[in-house]
Amino acid sequence: MFAWRKRGLIFDVARQGVGGWMRHSALTPTPYRLDDEHIRIYAGFRDSEGISRIGYVDVSAEEPTRVVGVSPEPVLDIGRPGCFDDHGVILGDIVDAPGGLHMFYVGFQRVARAKFLAFTGLALSIDGGRRFRRVQETPILDRAPGRSTIAAVHTAIHENDGWRLWYAVGDDWETIDGRPFPRYHIRHAYARDLLAIPRQDAVCLRPRGTEYRIGRPRVYRFDDRYTMYFTRGNTDGQYFPGIAYSDDGVHWERHDDALGMALSDSGWDSKVICYPSLIRQRNRLLMFYNGNDMGVDGFGLAEASWAESELHAVA
């Protein structure tokens, strides 16, 4: 669909981060336009214990390899002990909607007999995205039949006084070399009220072949069709994006060969590419994404030329 040109690792956490809570990793980088001159990338940054808190990196919109600001402290910290998000939070989506800037985030909790649980929370900002406050201390997308371990929103669209949500759901574990890894797939739901999301939803994509997980759905519209970028993992250890198309946002066809980028020969994204997220900048599309070890080094940038299509970012 697009031919992506890599611009490299543009935020190296170890070199450019603030330390402490931002020691390594920049999980699920998600761009948001601050103004004509700046793009803010929200991400989950890990401390020395591997616990993630959400912060941001500001870059020049015209030259997005140039970092112009880094959050000195988290915009969203971990939850209270015992809450669903007391062992880390990562970014799901950022949406400007009535009431403020909505942050959909994934909260992690350690439990005795599973690797982790991960469910979706909601936080709001009324100061332009510098600080977020939880709407409630419990998930807005929680456990239900078929999603006993994971329910993680990664795209939200506010339209017609309601919300379209795309998310990953997990209910089981895959054992690889004696270690448990979460199994999950992608579903869609519509909600009038984010605090009363119905259990009725629809399957969008399931793993196929040797895949056991497919998630981080990022949905956009090109020429009135939906395009989804997602990340898939298989039992051979590969972790790489895929792409799918839909007329209605519910029924999807995969065309992974249309992604338009590949692993580098060496360096930070030579083994893994994951969690791509797009934003338009004039006649270019910008893709922010993670590399090896799910973004342990930070996040990088790829660019594609803009053609005649019009991108409606619904993320």
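# Close-up views of a predicted model

**View 1. The lining of the largest pocket in this predicted model.** The residues that line the largest pocket divide into 19 nonpolar, 13 polar and ten charged. The space in this pocket amounts to about 1,100 Å³. Its lining comprises 42 residues, and those closest to the centre of the pocket are R46, K115, F116, R213 and M294.

**View 2. The open sheet that contains strands β2 to β5.** Four strands make up this open sheet, in the order β2-β3-β4-β5, and their pairing is antiparallel. The edge strands are β2, residues 24-35, and β5, residues 67-70, each of which pairs on one side only. From one strand to the next, the twist averages 25°. Within the sheet, strand β3 (residues 38-46) and strand β4 (residues 52-60) are paired in the antiparallel sense over nine bridges, and I41 has V57 in β4 as its bridge partner. In general, the strands of a sheet pair through backbone hydrogen bonds, either parallel or antiparallel.

**View 3. The largest nonpolar core.** This core holds 34 residues, of which Y42, I54, M103, F104, F132 and L165 touch the most other members. At least two residues of the core are supplied by each of β4, β6 (89-97), β7 (100-111), β8 (114-125), β10 (150-159), β11 (162-176) and β12 (179-191). The strand that gives the most to the core is β6, with five residues.

**View 4. Strand β8 and its partner strands.** Strand β8 is mostly covered, since nine of its twelve residues are buried. A hairpin joins β7 to β8 through two residues, and these strands pair in the antiparallel sense over ten bridges; one bridge partnership sets V111 against A114 in β8. Strand β8 is also joined to β10 by two bridges, and here the strands run parallel, with I150 in β10 as the bridge partner of A118. Two further bridges join β8 to strand β9 (residues 133-134), and these strands run antiparallel; the bridge partner of A123 in β9 is R134.

**View 5. The open sheet that contains strands β1 and β20.** The order of the four strands in this open sheet is β1-β20-β19-β18, with antiparallel pairing. Strands β1 (5-12) and β18 (274-281) stand at the edges, and because each has a single partner strand, one side of each is left without a neighbour in the sheet. The twist from one strand to the next averages 25°. Strand β1 and strand β20 (residues 298-305) pair in the antiparallel sense over six bridges, and R5 stands opposite E303 in β20.

**View 6. Residue R284 in strand β19.** R284 lies in strand β19, which spans residues 284-290. Is this arginine buried or exposed? R284 counts as buried because its relative accessibility is 15%, and the cut-off for burial is under 20% relative accessible area. The C-alpha atoms of R284 and L9 are separated by 18 Å, while the two residues are 275 residues apart along the chain.

Terms used. Residues numbered from 1 in each chain as written. Predicted model: local features only at pLDDT ≥ 70, side-chain atom pairs only at ≥ 80, totals over all residues. Heavy atoms only, no water. 1 Å grid on protein atoms, 1.4 Å probe; cavity = no way out; pocket = protein on both sides within 12 Å on 5 of 7 lines; lining within 4 Å. Points joined across faces, edges and corners; volume = space filled by probe spheres on them. Nonpolar A, V, L, I, M, F, W, Y, C, P; charged D, E, K, R; others polar. Pairing = 2+ DSSP bridges. Axes fitted to C-alpha atoms, helices over the stretch in contact; angles between N-to-C directions. Core = buried A, V, L, I, M, F, W, Y, C linked by side-chain atoms within 4.5 Å. Buried < 20%, exposed > 50% of the residue type's maximum accessible area, 1.4 Å probe, protein only.
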